[in-house]
Amino acid sequence: MSFFLRNNIRPLSCLTNSFKCWRSSSQFTKDFLKQSSITSRNVLREVSTKEYQHRTYKAQNQGIVDTLLYTSSVILVFVGFTYSSVPLYRMFCAATGIGGTPKTHDSKFDASNIKPLEGGRKFRITFISNISDSLNWSFVPQQREVYVVPGESSLAFFTAKNLAEEDIIGVSTYNVVPQQAGQYFNKIQCFCFEEQKLRAGEEVDMPVFFFIDPEIVDDLVLKDINTIALSYTFFKAK
């Protein structure tokens with residue numbers, strides 16, 4: 001018996017060790033597969049997160065671009081409307097005489113209207129000049145006043161001079177006081193609303209050719225008005 005044990009204890013020991021090695025190897029394999037699975041899931045999760053972040057960032061950028069394009073379009077539309085509204089409003093005022101704006105409608109410039117009204121009362125027309133603070137010009141009327149009867153054409157002059165050492169472009173606006181008289185104040189020739197470029201030190205004379213519509217004598221609102229003021233204001237255009 002002792003002999004048998006001495007001769008077989010080693011094989012049993014080896015078998016036991018082999019079993020332990022197999023169990024250890026099997027556990028390692030399980031641990032490795034488990035860790036690999038966890039690592040794979042983490043990698044996939046990270047990739048998915050980055051893909052989601054990329055898509056979200058792309059969507060946000062696209063939204064910002066769309067918003068900017070929409071805002072720019074709205075701004076351009078309003079700028080265009082603002083730019084076009086000025087000449088349209090000016091044309092409307094010139095055609096109707098609203099707001100004290102002298103009429104420039106061609107239908108008034110026929111022979112029957114541009115003829116002194118016999119027995120009509122005289123109107124005193126005064127001229128006023130103004131300059132914006134940003135415009136380095138001098139601008140004055142050559143005559144302070146003239147007297148006309150309705151239908152009588154008259155020519156007046158303003159003198160403008162560029163006091164700066166550089167070329168300047170100016171543009172003028174005009175008005176009539178009292179405002180109700182604007183619809184009867186007709187200008188045949190005028191320098192208003194047109195860009196006037198004066199070189200450094202240049203001086204020019206600017207004519208205004210006008211007449212008062214004879215229909216003014218039938219306006220009861222103006223029956224006691226004998227003085228009309230024509231006012232010009234120059235602004236720097238560029």
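**Figure 1. Strand β2 and its antiparallel partner β4 in the four-stranded sheet of the predicted model.** Strand β2, which covers residues 137-141, pairs with β4 in the antiparallel sense over 5 bridges, and within this pairing V140 stands opposite T159 of β4. The model shown here and in the other views is a predicted one. On from this pair, β4 is joined to β8 by 9 bridges, and these two strands also run antiparallel; here A156 is the residue that stands opposite V208 in β8. Taken together, the 4 strands form an open sheet whose order is β2-β4-β8-β6, with antiparallel pairing. The edges of this sheet are β2 and β6, the latter comprising residues 185-189, and each of them pairs on one side only. From one strand to the next, the twist of this sheet averages 30°.

**Figure 2. The five-stranded open sheet and the parallel pairing of β1 with β9.** A sheet of 5 strands, open and with mixed pairing, has the order β3-β1-β9-β5-β7. Its edge strands are β3 and β7, each of which pairs on one side only, and its twist averages 30° from one strand to the next. Strands β1 and β9 run parallel and are joined by 8 bridges, and in this pairing the bridge partner of R124 is T227 in β9. As general background to both sheet views, strands of a sheet pair through backbone hydrogen bonds, which can be either parallel or antiparallel.

**Figure 3. The salt bridge between E145 and R124.** The structure holds 2 salt bridges, and in the one drawn here the side chains of E145 and R124 meet at 2.7 Å, taken from N to O. Because E145 belongs to strand β3 (residues 145-148) and R124 to strand β1 (residues 123-131), the pair ties together parts that are 21 residues apart in sequence. E145 is partly exposed, with a relative accessibility of 32%, and R124 is likewise partly exposed, its relative accessible area being 29%.

**Figure 4. The salt bridge between D167 and R199.** In this view the side chains of D167 and R199 meet in a salt bridge with an N to O distance of 3.3 Å. D167 sits in the loop between β4 (153-162) and β5 (168-177), while R199 sits in the loop between β7 (196-198) and β8 (203-212), so the pair ties together parts that are 32 residues apart in sequence. The partners fall into separate accessibility classes: D167 is partly exposed, with a relative accessible area of 37%, whereas R199 is exposed, with a relative accessible area of 51%.

**Figure 5. T126 and K122, a buried residue of β1 and an exposed residue of the loop before this strand.** T126 lies in strand β1 and counts as buried, because its relative accessibility of 13% is under the 20% limit for that class. Leaving out residues up to four places away in sequence, T126 touches R144, E145, T227, I228, A229 and L230. K122, by contrast, is placed in the loop between α1 (2-96) and β1, and at 56% relative accessibility K122 counts as exposed. Although K122 and V148 are 26 residues apart in sequence, their C-alpha atoms are 5.4 Å apart in space. When neighbours within four places in sequence are set aside, the residues in contact with K122 are Y147, V148, V149 and N226.

**Figure 6. The largest nonpolar core and the surroundings of F210.** The largest nonpolar core has 32 residues, of which I125, F127, F185, F191, F210, I228 and Y232 touch the most other members. Two or more residues of this core are given by each of the elements β1, β2, β3, β4, β5, β8 and β9, the last of these spanning residues 227-236. Among the contacts of F210, not counting residues up to four places away in sequence, are I125, F127, V146, A156, F185 and I188, and F210 also touches E152, S153, S154, N186 and K187. In general, nonpolar side chains tend to be buried together in soluble globular proteins.

Notes:
Residues are numbered from 1 along each chain as its sequence is written. This is a predicted model: local features need pLDDT of at least 70, side-chain atom pairs count only at pLDDT 80 or more; totals for chains, interfaces and linings use all residues. Side-chain values use heavy atoms; hydrogens and water are left out. A salt bridge is a side-chain nitrogen of Lys or Arg within 4 Å of a carboxyl oxygen of Asp or Glu. Buried means under 20% relative accessible area, exposed over 50%, partly exposed in between (1.4 Å probe, protein chains only). Two strands pair if DSSP finds at least two bridges between them. Axes are lines fitted to C-alpha atoms, for helices over the stretch in contact, and angles run from 0 to 180 degrees between N-to-C directions. Contact means heavy atoms within 4.5 Å. A nonpolar core is a set of buried Ala, Val, Leu, Ile, Met, Phe, Trp, Tyr and Cys residues joined through side-chain atoms within 4.5 Å.
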